[in-house]
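Please look over the model shown here before reading the points that follow. They concern helix packing, buried positions and salt bridges.

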Amino acid sequence: MTGESRSYSLDISEHLFYLTTESLRLHCNETKRYQTLAGLLNERIFASSSIDEQAPETIREHLLAIPTKGNIRVYLNITRSSADNLTEVKRRLGTALGANLTVGDTLSIMLFHYVVGQKAMRIMKQLGLDDSTPPAHSAAEHTGSGVAQHIR
């Protein structure tokens with residue numbers, strides 16, 4: 001470990017592994033570049049202020065549904081500033097939950113938050129409710145089709 005970066009070795013669950021690969025897929029598609037998990041964290045850790053808006057119960061449910069510990073070893077090398085911010089997010093989330101979180105737990109929560117945000121943006125675009133795209137179809141064009149069917 002150098003003064004410029006921080007290395008982590010995490011043993012994660014299969015479920016958390018799938019969350020990491022889904023996050024990477026979404027981030028690659030968003031940036032139109034191949035990405036790494038460390039790169040995603042280095043970029044997203046500074047956008048973590050909105051993570052405090054998640055309800056503690058939602059976070060608890062996420063951690064129950066997506067166990068952190070497992071037998072898949074993942075190595076991360078992130079910038080020192082990202083590591084410091086990760087520690088701060090871990091502390092804030094732990095305080096909000098009244099629990100001691102691991103780095104893996106914090107990573108899982110952050111990736112969950114990222115995936116949910118990306119999926120929500122995609123749905124908003126499909127509904128024509130984002131700021132950059134005018135609605136593709138009027139509600140009158142969808143009579144009988146239902147919103148849920150239109151989203152798929």
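The numbered points below go through this predicted model region by region.

1. Helix 2 spans residues 37–44. Its buried residues are L37, A38, L40 and L41. Viewed down the axis of helix 2, these residues fall within an arc of 160°, so they line one face of the helix. The cover over them includes helix 1 (14–31) and strand 2 (72–79), and also helix 4 (80–97) and helix 5 (103–126).

2. L111 belongs to helix 5 and is buried, its relative accessible area being 3%. Apart from neighbours within four places in sequence, L111 has contacts with L19, T20, S23, L37 and L40. Two of these partners, L37 and L40, are among the buried residues of helix 2. L111 and L40 are 71 residues apart along the chain, and 9.3 Å separates their C-alpha atoms.

3. Helix 3 covers residues 56–65 and packs with helix 4 at an angle of about 105°, the axes being 9 Å apart. Helix 3 is therefore roughly perpendicular to helix 4, since angles of 65 to 115 degrees count as such. On the helix 3 side the contact is made by P56, I59, R60 and L63; on the helix 4 side, by L93, A96 and L97. By type, the contact residues divide into six nonpolar and one charged, with no polar residue.

4. H62 is also placed in helix 3. Is H62 buried or exposed? H62 is buried, with a relative accessible area of 5%, which lies under the 20% limit used for that term. Not counting residues up to four places away in sequence, H62 touches L19, S108, I109 and F112. L19 is likewise in contact with L111.

5. How many salt bridges does a search of the whole structure find? The search gives five. One of them joins the side chains of R73 and D11, at 2.7 Å from N to O. R73 lies in strand 2 and D11 in strand 1 (residues 5–12), so this pair ties together parts that are 62 residues apart in sequence. R73 is partly exposed at 46% relative accessible area, and D11 is partly exposed at 31%.

6. A salt bridge also connects the side chains of E22 and K119, with an N to O distance of 3.2 Å. Because E22 is in helix 1 and K119 in helix 5, the pair ties together parts that are 97 residues apart in sequence. E22 is partly exposed, with a relative accessible area of 23%; K119 is partly exposed as well, with 28%.

7. Within helix 3, the side chains of R60 and E57 meet in a salt bridge of 3.7 Å, N to O. The two residues are three apart in helix 3, which means that about one helical turn separates R60 and E57. R60 is partly exposed, with a relative accessible area of 35%, and E57 is partly exposed, with 44%. R60 is also one of the residues of helix 3 that make the contact with helix 4.

8. Finally, a point on shared partners. E22, R25 and K119 are joined into one network by salt bridges that share partners. The pair E22 and K119, with its 3.2 Å salt bridge, thus has both of its residues in that network.

Technical notes: Residues numbered from 1 in each chain as written. Predicted model: local features only at pLDDT ≥ 70, side-chain atom pairs only at ≥ 80, totals over all residues. Heavy atoms only, no water. Buried < 20%, exposed > 50% of the residue type's maximum accessible area, 1.4 Å probe, protein only. Helix = DSSP H or I, 4+ residues; strand = E, 2+ residues; numbered from the N terminus. Arc of directions from axis to C-beta. Contact = heavy atoms within 4.5 Å. Axes fitted to C-alpha atoms, helices over the stretch in contact; angles between N-to-C directions. Parallel < 35°, antiparallel > 145°, perpendicular 65-115°, else oblique. Nonpolar A, V, L, I, M, F, W, Y, C, P; charged D, E, K, R; others polar. Salt bridge = Lys/Arg side-chain N within 4 Å of Asp/Glu carboxyl O.
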